[in-house]
Amino acid sequence: MAISYTEEDLRKACAEAQRTRRLRSVARRWAIPPTTLYRRLNGALPRSVAHEDQQRLSITQESHLANWIRIQQAAG
């Protein structure tokens, strides 16, 4: 099943769930699996952070590479 929500959606849903204490209704409203929301509220890290050591580039290296690509693209 494809993920249909963004990291930002998940952050907003977490904030709402902490405020309202209605995890299942918040999960349904944001179209996020309740287990995902529950785990994030209990300290689970985002996938990109949790698996950073398994990536070929660090987040900093990836950011520098992306900036370099944008510069090269703008230069033509």
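# A tour starting from arginine 40

Select arginine 40 to begin: its relative accessible area is 19%, so this residue counts as buried, the limit being under 20%. The model on screen is a predicted one. Arginine 40 sits in helix α3.

Now show the side chain of arginine 40 together with alanine 44. A polar atom of that side chain is 3.3 Å from the backbone oxygen of alanine 44.

Next, add the residues that arginine 40 touches. With neighbours within four places in sequence left aside, these are Glu7, Leu10, Cys14, Leu45 and Pro46.

**From arginine 40 to leucine 10**

Take leucine 10 from that set and select it. Not counting residues up to four places away in sequence, leucine 10 is in contact with Tyr5, Ile32, Thr36, Leu37 and Arg40. The contact with Arg40 leads back to the starting point.

**The nonpolar core**

Leucine 10 also belongs to the largest nonpolar core. To see this core whole, select Tyr5, Leu10, Ala13, Cys14, Ala17, Val26, Ala27, Ile32 and Leu37, which come to 9 residues. Colour the helices, and two elements turn out to give two or more residues each: α1 and α2, the latter spanning 23–30. The largest share, 4 residues, is that of α1.

**The largest pocket**

Turn on a surface and look for the largest pocket, whose volume is about 380 Å³. Its lining has 15 residues, and those closest to the centre of the pocket are Tyr5, Thr36, Arg40, Leu45 and Arg47. Two of these names have come up in earlier stops: Arg40 began the tour, and Tyr5 is part of the largest nonpolar core.

Which helices supply at least two residues each to the lining of the largest pocket? They are α1 (7–20), α3 (34–41) and α4 (47–50). Helix α3 provides the largest share of the lining, with 4 residues. Colour the lining by class to find 7 nonpolar, 4 polar and 4 charged residues.

**Last stop: alanine 50**

Move to helix α4 and select alanine 50, which lies in it. Is alanine 50 buried or partly exposed? Its relative accessible area is 37%, so alanine 50 is classed as partly exposed, the range between 20% and 50%.

Finally, draw a distance between the C-alpha atoms of alanine 50 and serine 25. The two residues are 25 residues apart along the chain, and the separation of their C-alpha atoms is 27 Å.

Terms used
Residues are numbered from 1 along each chain as its sequence is written. This is a predicted model: local features need pLDDT of at least 70, side-chain atom pairs count only at pLDDT 80 or more; totals for chains, interfaces and linings use all residues. Side-chain values use heavy atoms; hydrogens and water are left out. On a 1 Å grid over the protein atoms alone, a cavity is a set of points where a 1.4 Å probe fits but cannot get out, and a pocket is an open set with protein on both sides within 12 Å along at least five of seven lines; lining residues have an atom within 4 Å of a point. Grid points are joined across faces, edges and corners, and a volume is the space filled by probe spheres set on the points. Ala, Val, Leu, Ile, Met, Phe, Trp, Tyr, Cys and Pro count as nonpolar, Asp, Glu, Lys and Arg as charged, and the others, Gly among them, as polar. A nonpolar core is a set of buried Ala, Val, Leu, Ile, Met, Phe, Trp, Tyr and Cys residues joined through side-chain atoms within 4.5 Å. Buried means under 20% relative accessible area, exposed over 50%, partly exposed in between (1.4 Å probe, protein chains only). Contact means heavy atoms within 4.5 Å. A polar contact is a pair of N or O atoms within 3.5 Å; within protein, one must be able to donate a hydrogen and the other to accept it, and residues adjacent in sequence count only if both atoms are side-chain atoms.
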